[in-house]
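Below are some notes for a colleague who has asked for a second look at the packing in this model. The points are meant to be read with the structure open.

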Amino acid sequence: MESDDLETLLAQSVRLRETGHREEAREQLLALRARFPEDVRVAYQAAWVHDVLGLEAEAVPHYVDALAGPGLATEERRGALLGLGSTYRTLGRYEDAVATLSAATVEFPEDNALRTFLAMALYNVGRSHDGMRLLLTVLAATSSDPDIVGYRPAIEHYAQDLDAVEGGGSA
C-alpha cells in the first residue's frame, strides 16, 4: 500500500512542477524525501525542483543521493548526471563539474547536451582547447545549417587540431 501511495504522490509532485507550482512541488517532495529517504526517484525529482527554483546548492545532495543507488530509469539517470554536472558548474565547482560530466559522457557517449555542458566546464577549468574541440565536434555532427554543413569536413578536421597551419607547422 505504501508503494502505491509513493507512486501517486510522486506523480502528483511532478505534475505540480510541470504546471508551474514549483514551490508546492518542492514542499511535497521534501516531505516524500523524509518518508522515503532511500528512493532515488524521489531524490531526483527533489533535485530537479530545487534546480528550477534556482536553489542549486540545495539540489546537489538530492542529485548525489539519486545517483548513489539503483532504481533510476536510463533517462532519469542521464538527467541527474546532467543536472548535477551543470549545477556544480553554476556553483563554481568546476572540477566537480568536469568529473561528473566526463563520467556521464562515457556512460552516454552520444548525448550532445552532456558533451556541450562538459565543454563549458572544460573552459571553466582552463582547458578551453579541449572545450572548443568538443563543441566543434558537436556542431559539425549536429548542425543542419547549410553554412555549417558545407564546411563540415574542415570543421571536423580542425576540431582535431586547432593549432594546425598550412605546411604542417604549428602557430
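1. I would begin with the interior of this predicted model, where the largest nonpolar core comprises 26 residues, and Tyr63 and Leu72 are the members that touch the most others. At least two residues of this core come from each of α3, α4 (56-68), α5, α6 (94-107) and α7 (112-124). Another core, of 11 residues, lies apart from it and includes Leu9, Val42, Ala46 and Val49.

2. Leu72 deserves a closer look, since its neighbours can be listed: once those within four places in sequence are left aside, Leu72 is in contact with Val40, Arg41, Tyr44, Ala66, Leu67, Arg77 and Ala80.

3. Helix α3 covers residues 40-52, and its 13 residues reach 18 Å from the first C-alpha to the last, close to the 18 Å expected at 1.5 Å a residue. The helix is mostly covered, with 10 of its 13 residues buried; among them are Val40, Ala43, Tyr44, Gln45, Ala47, His50 and Asp51, as well as Val42, Ala46 and Val49, which are also named as members of the 11-residue core.

4. Both ends of α3 merit inspection. At the N-terminal end the cap is Asp39, which places a side-chain oxygen 2.9 Å from the backbone nitrogen of Arg41, while just after the helix Gly54 adopts a positive phi of about 80°.

5. Which aromatic residues pair with one another? A search of the whole structure yields 1 aromatic pair, formed by Tyr44 and Trp48, whose rings are tilted, with 5.6 Å between centres and 45° between the planes. The two residues are 4 apart in helix α3, so about one helical turn separates them. In an α-helix there are 3.6 residues a turn, so residues three or four places apart point the same way.

6. The two partners of this pair are not covered alike: Tyr44 counts as buried because its relative accessibility is 6%, under the 20% cut-off, whereas Trp48 is partly exposed at 32%. Trp48 also has Arg17 lying over its face, at 3.6 Å from the ring centre.

7. Is Arg78, in helix α5 (residues 74-90), buried or exposed? Its relative accessible area is 18%, so Arg78 counts as buried, again by the 20% cut-off. The side chain of Arg78 makes a polar contact of 3.1 Å with the side chain of Glu75, and, leaving aside neighbours within four places in sequence, Arg78 is in contact with Phe108, Asp111 and Leu114.

How values were computed: Residues are numbered from 1 along each chain as its sequence is written. This is a predicted model: local features need pLDDT of at least 70, side-chain atom pairs count only at pLDDT 80 or more; totals for chains, interfaces and linings use all residues. Side-chain values use heavy atoms; hydrogens and water are left out. The expected span of a helix is 1.5 Å times one less than its number of residues. Buried means under 20% relative accessible area, exposed over 50%, partly exposed in between (1.4 Å probe, protein chains only). A polar contact is a pair of N or O atoms within 3.5 Å; within protein, one must be able to donate a hydrogen and the other to accept it, and residues adjacent in sequence count only if both atoms are side-chain atoms. Rings of Phe, Tyr and Trp (its six-membered ring) pair if their centres lie within 6.5 Å; planes under 30 degrees apart count as stacked, over 60 as edge-to-face and the rest as tilted. A charge sits over a ring if NZ of Lys or CZ of Arg is within 6 Å of the ring centre and within 35 degrees of the ring normal. Contact means heavy atoms within 4.5 Å. A nonpolar core is a set of buried Ala, Val, Leu, Ile, Met, Phe, Trp, Tyr and Cys residues joined through side-chain atoms within 4.5 Å.
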